[in-house]
Amino acid sequence: MTHASHSPRTSDDWHENGYDLARGLAAYSGSTLVAGIAKVIAKHPEANIANAFNHKQVLCKLWARDELLTSAGSDYGRIVVLGGWYGILPAMLLEDRRFTIAAIDSFDIDPAVEQVALTLNAGFGDRFRAVTADMYQIDYRGLDADLVINTSCEHIADLGAWLGLLPSGTRVLLQSNDYFSEPTHINCVSSLEEFQAKAGLSRVDFAGALPMKKYTRFMLIGTV
Ligand SMILES: C[S@@+](CC[C@H](N)C(=O)[O-])C[C@H]1O[C@@H](n2cnc3c(N)ncnc32)[C@H](O)[C@@H]1O
C-alpha cells in the first residue's frame with residue numbers, strides 16, 4: 001500500500017497544506033500580508049492567489065516599491081492603484097515601515113477580485129479600500145490622490161487615453177511588459193522606449209527594465 005504522503009495531491013490537499021504553510025509563515029515572519037494570504041486561501045479557494053503571489057510577481061513589485069522610495073519619497077496621503085487585482089501591491093506598501101501611507105484605494109474592473117482584495121488587506125483596517133470600477137470611468141479629480149499606480153498597463157487597450165483622464169501634474173508609477181504570448185495581455189510593449197513614447201509623461205523620474213526569465217518588465221515613475 002502506498003504511504004499517504006506519496007499519494008497524488010488533490011486540490012483539497014493544496015488548500016489545506018497551503019493554508020497551514022501560510023499561517024506558519026505569517027506567525028514566523030509577523031507579516032500582515034502573509035496572514036492575509038492565509039485568510040484568502042481559506043475564504044476564497046477559487047482565487048488564483050498562487051499566481052498573483054508567485055516569485056516573479058513579487059520581484060516586480062519589490063522593484064516598484066524600492067524605486068518609488070528612491071524616486072518619489074516615502075510619505076503619501078492617498079495612493080490609488082488601478083487594475084489592482086487581489087491587492088498584493090497595496091499590502092506590500094502598507095506593511096513596509098519605510099513608508100508613511102494614510103490610505104490606498106485599489107480599483108479593478110473584475111467584481112470577483114474585490115472581496116479577495118479586502119480579505120487580503122483586512123489586517124490594515126480602513127487604510128485599505130477595494131472598489132469595482134473600470135479605470136476609464138473614474139473621476140480622478142475627485143480622488144485627491146498624490147500617487148496613481150498602474151502595474152497592469154499591458155491589460156488596457158489605450159494607455160494614452162487612460163493617462164489623459166488624470167489631472168495634469170499627477171504623479172504616476174506605471175509597469176508594462178513584452179510578454180506578448182499571454183492571451184490577457186492586449187497591449188504589451190517591445191521596449192522601454194516604446195513604453196515611454198506611449199505614456200508621454202511630462203516628467204520622468206525613473207525609467208527602467210527588469211529582465212525576467214520569459215519576459216522583461218518595464219517601469220516608469222514620473223508625472224503626467
Ligand atoms: C492580471 S492582473 C495584474 C497583472 C499585473 N502584472 C500586476 O500584478 O500588476 C490585471 C488586472 O487588471 C484588471 N483590469 C483590466 N482592465 C481594467 C480596467 N479597464 N479597469 C480596471 N481594471 C482593469 C483586470 O481585471 C485584472 O485584475
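**Entry 1: the domain boundary**

I started with charges and found zero salt bridges between domain 1 and domain 2. A reminder to myself: this is a predicted model. I then counted polar contacts across the same boundary, and there are six residue pairs, both partners at pLDDT 80 or more.

For the bounds, I went to the domain assignment, which gives residues 4–48 as domain 1 and residues 52–223 as domain 2. I also looked up who takes part in the contact: 12 residues come from domain 1 and 14 residues from domain 2. The C-alpha centres of the two domains sit 26 Å apart.

Next I wanted the area. Domain 1 and domain 2 bury about 1,100 Å² between them, and 69% of that is on carbon and sulfur atoms. Which residues of domain 1 lose the most area to domain 2? I found Thr32, Leu33 and Asn48, which together make up 45% of what that side buries.

**Entry 2: the cores**

I moved on to the nonpolar packing. The largest nonpolar core has 39 residues, and the members touching the most other members are Ile49, Leu68, Tyr76, Ile79, Leu93, Ile101 and Ile149. I checked which element gives the largest share, and it is helix α5 (residues 88–94), with six residues. I was pleased to see that this core draws on both domains, with at least three residues from each of domain 1 and domain 2.

I picked Ile79 for a closer look. Leaving out residues up to four places away in sequence, Ile79 touches Leu93, Ile101, Ala103, Ile104, Asp105, Asp146, Leu147 and Ile149. Of these neighbours, Leu93, Ile101 and Ile149 are also on my list of best-connected core members.

There is a second core, separate from this one, and I noted its 24 residues, including Phe107, Ile156, Leu159 and Leu201.

**Entry 3: Asp96**

I finished with one acidic residue. Asp96 lies in the loop between α5 and β2 (100–108). Is Asp96 buried or exposed? I count Asp96 as buried because its relative accessibility is 9%, and the cut-off for buried is under 20%.

What does the side chain of Asp96 meet there? I found two arginine partners: the side chain of Arg65 is in polar contact with that of Asp96 at 3.2 Å, and the side chain of Arg98 makes a polar contact with the Asp96 side chain at 2.7 Å. So for my own map, the Asp96 entry reads as a buried aspartate with side-chain polar contacts to Arg65 and Arg98.

Definitions and conventions: Residues are numbered from 1 along each chain as its sequence is written. This is a predicted model: local features need pLDDT of at least 70, side-chain atom pairs count only at pLDDT 80 or more; totals for chains, interfaces and linings use all residues. Side-chain values use heavy atoms; hydrogens and water are left out. A nonpolar core is a set of buried Ala, Val, Leu, Ile, Met, Phe, Trp, Tyr and Cys residues joined through side-chain atoms within 4.5 Å. Buried means under 20% relative accessible area, exposed over 50%, partly exposed in between (1.4 Å probe, protein chains only). Helices (H or I, at least four residues) and strands (E, at least two) are DSSP runs, numbered from the N terminus. Domain bounds come from an automatic or database domain assignment. Contact means heavy atoms within 4.5 Å. Buried area is the accessible area (1.4 Å probe) that two parts lose on being put together, summed over both. A salt bridge is a side-chain nitrogen of Lys or Arg within 4 Å of a carboxyl oxygen of Asp or Glu. A polar contact is a pair of N or O atoms within 3.5 Å; within protein, one must be able to donate a hydrogen and the other to accept it, and residues adjacent in sequence count only if both atoms are side-chain atoms.
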